[in-house]
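Trainee: I should like to learn how to read a structural model feature by feature. May we take one case together?

Mentor: Certainly; let us place the structure before us and begin.

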Amino acid sequence: MSASPHSPPPPSPPLTLATSAAAQAVGFLRQLGAEQIGHPGGTLLAHLCRVYRLLAAWDARPALRLAGLCHAAYGSDGFPTALLSLDRRAELARVIGPEAEEIVHDYAAMNRKATHPGLAAPDAPFHDRFTGRTRTTVRSRREDLAELTAANELDLARVNPVFREQWGPDLLALFTGFRPLLSARAWEEVGATLGR
């Protein structure tokens with residue numbers, strides 16, 4: 001049967017996101033316009049879904065996977081386009097849970113240039129670009145931030161050869177510094193994507 005000229009467009013391919021929370025988050029991201037924002041490898045929503053799947057492949061816990069799915073909600077030091085203002089944090093927490101939202105917030109708040117070099121140190125300073133303040137954070141949160149950073153950047157390197165060529169050596173150096181914080185699977189992906 002052929003479609004009429006007034007038929008809606010065919011549905012997007014299934015996202016195969018494993019949980020209802022992830023499916024709800026995708027719906028929320030669509031409402032916020034993530035599917036309309038260009039990003040290497042397609043749209044911002046496509047990138048966010050790939051980051052979610054990569055974290056799932058690494059056996060990240062559900063809260064970290066959901067944080068990966070929504071990691072650009074407040075923008076970031078490397079991607080300034082925000083889907084939500086910080087005064088709407090409670091909305092995101094209702095969709096993905098408070099723990100995942102806190103990871104998203106910290107990822108967005110992180111001043112990368114100042115924080116990344118020492119992230120693996122036990123007393124690593126976290127430089128907050130929103131407040132301008134410096135604080136320390138627990139190891140488990142530093143692991144989350146390292147793993148999420150790896151998933152985000154490795155996805156870009158996988159879908160964009162120009163990005164990989166330009167930034168691959170710097171990313172390899174960064175993730176080598178993160179090594180104590182990264183899961184074994186994330187570290188394997190560093191090698192597979194960037195070489196070691």
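Trainee: What percentage of the 196 residues of the chain count as buried?

Mentor: Bear in mind that this is a predicted model. Of the chain's 196 residues, 47% count as buried.

Trainee: How many helices and strands does the chain have?

Mentor: There are 9 helices and 4 strands. Following the sequence, their pattern reads α-β-β-α-α-α-α-α-β-β-α-α-α. As for contacts between residues at least 6 apart in sequence, 59% join residues at least 24 apart.

Trainee: Let us turn to helix packing. At roughly what angle do the axes of H3 and H5 cross?

Mentor: One reads the approach of the two axes together with their angle. Helix H3, residues 62-69, and helix H5, residues 98-109, have axes that come within 8 Å and cross at roughly 45°. H3 is therefore oblique to H5, since that angle falls neither under 35 degrees nor in the range from 65 to 115. The crossing of H3 and H5 is right-handed.

Trainee: Which residues make the contact of H3 and H5?

Mentor: H3 contributes Ala63, Leu64, Leu66 and Ala67, while H5 contributes Glu99, Ala100, Ile103 and Val104. Sorted by class, this contact of H3 with H5 has 7 nonpolar residues, 1 charged residue and no polar ones.

Trainee: How should a single side chain be read? Is Asn152 buried or exposed?

Mentor: One asks for its place, its accessibility and its partners. Asn152 lies in helix H7, residues 139-159. Asn152 counts as buried because its relative accessibility is 6%, and the cut-off for buried is under 20%.

Trainee: With which side chains does the side chain of Asn152 make polar contacts?

Mentor: One polar contact, of 2.7 Å, is with the side chain of His47. Another, of 3.1 Å, joins the side chains of Asn152 and His71. Leaving aside residues up to four places away in sequence, Asn152 touches His47, Val51, His71, Tyr107 and Arg112.

Trainee: Loops may be read in the same manner, I suppose. Where does Leu119 lie?

Mentor: Leu119 is in the loop between helix H6 (112-115) and E3. With a relative accessible area of 1%, Leu119 is buried. Not counting residues up to four places away in sequence, Leu119 touches Ala124, Arg142, Leu145, Ala146, Phe178 and Leu181. As regards Leu145, its C-alpha atom is 8.8 Å from that of Leu119, with their positions 26 residues apart in sequence.

Trainee: Where is Thr131 found, and what is its relative accessible area?

Mentor: Thr131 belongs to the loop between strand E3 (125-127) and strand E4 (134-136). Its relative accessible area is 45%, so Thr131 is partly exposed. A polar atom of the Thr131 side chain lies 3.1 Å from the backbone nitrogen of Arg133. The C-alpha atoms of Thr131 and Ala109 are 8.3 Å apart, although the two are 22 residues apart along the chain.

Trainee: My last topic is the backbone. Near what value is the phi of Asp59?

Mentor: Most residues other than glycine have a negative phi. In Asp59, phi is near 65°, a positive value in a residue that is not glycine. Asp59 is found in the loop between helix H2 (44-57) and H3. At 52% relative accessibility, Asp59 counts as exposed, because the cut-off for that class is over 50%.

Key:
Residues numbered from 1 in each chain as written. Predicted model: local features only at pLDDT ≥ 70, side-chain atom pairs only at ≥ 80, totals over all residues. Heavy atoms only, no water. Axes fitted to C-alpha atoms, helices over the stretch in contact; angles between N-to-C directions. Helix = DSSP H or I, 4+ residues; strand = E, 2+ residues; numbered from the N terminus. Parallel < 35°, antiparallel > 145°, perpendicular 65-115°, else oblique. Left-handed = near helix turned anticlockwise from the far one by under 90°. Contact = heavy atoms within 4.5 Å. Nonpolar A, V, L, I, M, F, W, Y, C, P; charged D, E, K, R; others polar. Buried < 20%, exposed > 50% of the residue type's maximum accessible area, 1.4 Å probe, protein only. Polar contact = N/O pair within 3.5 Å; in protein donor to acceptor, adjacent residues only side chain to side chain.
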